Structures are given as structure tokens and as C-alpha cells.
Amino acid sequence: MSAPRTAEPAASPLLRRLAGERATGALLRDQGSLYLAEGRVVHAESPAAPGVDVLLTAGGTLPPQGWQEALSLADTRHGVARHLVDSGRVTAGELEVCHLGALFDAAFFVLGPASGPTRFRYGVAHWLGRVRPVAAEAVARETRRRRALLDSVWPCPGLDTAPVVRRPPAPGQRVTARQGALLRLADGSRTPTEIAWALGRPSFHTLIEVRRLAAAGLVESPRAGPAAAPDPAPDPAPFPLDHPEPDIALLRRVRDALEASL
């Protein structure tokens, strides 16, 4: 029996057409924006995902004042990214890793289901400037992979938007340091994306961690009806998760580097 096919991101047909046209501009949706240059994605931003500034400063790569300086002094033609590297604030590799992490994180939300319109504004460029353009199909493919990964961990989509409520661990049950930091903020008022912002971590990594904790019985699964996932019995051991390999080698490097630094 073949595995179920992951649904295509809602904006993928338009994104494919724009890539085929080698279009330059901004794809605008309720959840954020994708910026294209000659048909390739050069930046993404979403209110649900911490930006490259948060990933750079929260991880200690760049002091907050260094980011503010770049915003005020950057050349409008070349952008903030070029200024950060040319001024020696960050290396090109550090900027690339954080930028790609922020790009794929925001794109996950931008390409998700939306109730509002999808528009494209031709000729619009982002003030950050180009760092590492990514093929539009690679962005759409990674979004599909991430959606499938969430459900493979714990099929309860309500966890992604509901306030996170921690549950007491079973005797002898352990959590990692990253999980512990998340659980300390799981006070029943913060959603996973709000926790991600507070911790300075990519939102998708936080969604995965919340679902993993729910599967281990350490976070409550919201009940929205008969189809909602039941709360499991607490597992006395740390809950394991083997992440499947990303579709492209670059994503593996981004993930490993971010998890090592945050």
C-alpha cells in the first residue's frame, strides 16, 4: 500500500508560473510574503516566523546593536545583507545559514492554507538584499516535506495554533535541554509561534518539538471533536524522533547549524 500523497502548498501553481516567467517581485498572502528575483526565491517573511534578525541576534552571532547599525547605514541598492558582511559583523557563511533558516521557516507559513487573496507585485525587492537564492520548486517541495513530517510525529494540527499546556512528566521521564526551555514557557497562554519568538528559534522547529512533546504525553493535545488526537499515556523514556533526510543537502546543513547554535 503506497503512502498518502502530501497536499500541494496552496500557492504552488502560481509560484511555479512565476518561476517559469523568471519573475521578480513579491508574492503576497495573509500569512506573509515571498520575494522572487528572476524566478528564484530570495527572501520570505511571515508574522508567524522569527526573521533573520532574530536568528542572528538570539544565537549570539550578531549583537542587537549591530543589526540596528546595519539597518541605518546599509546602502539601499545592495541591502542590509551586503553591509553586514562587508562591515565584518558576520561572515558570509553565518549570514547564509541564518537567512536560509528564516526563508524556509517563513515560506512554510506563507505557502499554507489561506482565506484571503494571493497577489503578486512585480518589480518589488526586499530591503535585505540577495543572500542565497533558492529554486521555487525546492521551497514548495520542502514545505510539503515539513507538513508531512508534522503529521508523522503526532497527527494533531490543533497543536500548531493553540496555547501550549504542559503536563507533569511521569516518574523518571526526561526531557532535553531544548525541550525544557520550551516547557518552561508552556504556561497555557503562549502558542508555539509565540514560544518560538520568545526563544529566538525557527517556528517550524518549535512546532515539531511541541508535537513530539504531545506524543510523549508532556503537552496536552487540544480536543476539537471526534477526529482530534487523544492524549497518550505518559512515556517513561524520552520520546525519540528520527527526522527523514531533507530533499536537498543544503537544508540538512541549515538545520544542523541552527540547532547547534540556538
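This passage describes the confidence of a predicted model, the packing of helix 5 against two other helices, and the largest pocket.

The structure is a predicted model, and across the protein the pLDDT averages 85, with 80% of the residues scoring at least 70. Confidence is highest in strand 3 (residues 40-45), where the mean is 98, and lowest in helix 10 (residues 249-261), where it is 51. Over residues 225-248 the pLDDT is below 50, although this stretch has 51 contacts in the model beyond near neighbours in sequence.

Helix 5 (residues 92-110) packs against helix 9 (residues 203-215) at an angle of about 70 degrees, the two axes lying 8 Å apart. Because angles of 65 to 115 degrees count as roughly perpendicular, helix 5 is roughly perpendicular to helix 9. Helix 5 contributes Asp105, Phe108 and Phe109 to this contact, and helix 9 contributes Ser203, Phe204 and Leu207. By class, the residues of the contact comprise 4 nonpolar, 1 polar and 1 charged.

The packing of helix 5 with helix 6 is likewise described by an angle of about 70 degrees, here with the axes 9 Å apart, and helix 5 is therefore roughly perpendicular to helix 6. On the side of helix 5 the contact is made by Leu103, Phe104, Asp105, Ala107 and Phe108, while helix 6 supplies Ala138, Val139, Glu142, Thr143, Arg146, Arg147 and Leu150. The residues that form this contact divide into 7 nonpolar, 1 polar and 4 charged. Asp105 and Phe108 of helix 5 take part in the contact with helix 6 and also in the contact with helix 9.

The largest pocket has a volume of about 410 Å³. Its lining consists of 17 residues, of which Phe108, Phe109, Arg147, Asp160 and Thr161 are the closest to the centre. Two or more lining residues come from each of helix 5, helix 6 (136-153) and helix 9, and helix 6 gives the most, with 3 residues. In composition the lining has 8 nonpolar, 5 polar and 4 charged residues. Several residues close to the pocket centre also appear in the helix contacts: Phe108 and Phe109 belong to the contact of helix 5 with helix 9, whereas Arg147 belongs to the contact of helix 5 with helix 6.

Methods:
Residues numbered from 1 in each chain as written. Predicted model: local features only at pLDDT ≥ 70, side-chain atom pairs only at ≥ 80, totals over all residues. Heavy atoms only, no water. Axes fitted to C-alpha atoms, helices over the stretch in contact; angles between N-to-C directions. Helix = DSSP H or I, 4+ residues; strand = E, 2+ residues; numbered from the N terminus. Parallel < 35°, antiparallel > 145°, perpendicular 65-115°, else oblique. Contact = heavy atoms within 4.5 Å. Nonpolar A, V, L, I, M, F, W, Y, C, P; charged D, E, K, R; others polar. 1 Å grid on protein atoms, 1.4 Å probe; cavity = no way out; pocket = protein on both sides within 12 Å on 5 of 7 lines; lining within 4 Å. Points joined across faces, edges and corners; volume = space filled by probe spheres on them. pLDDT = per-residue confidence, 0-100.
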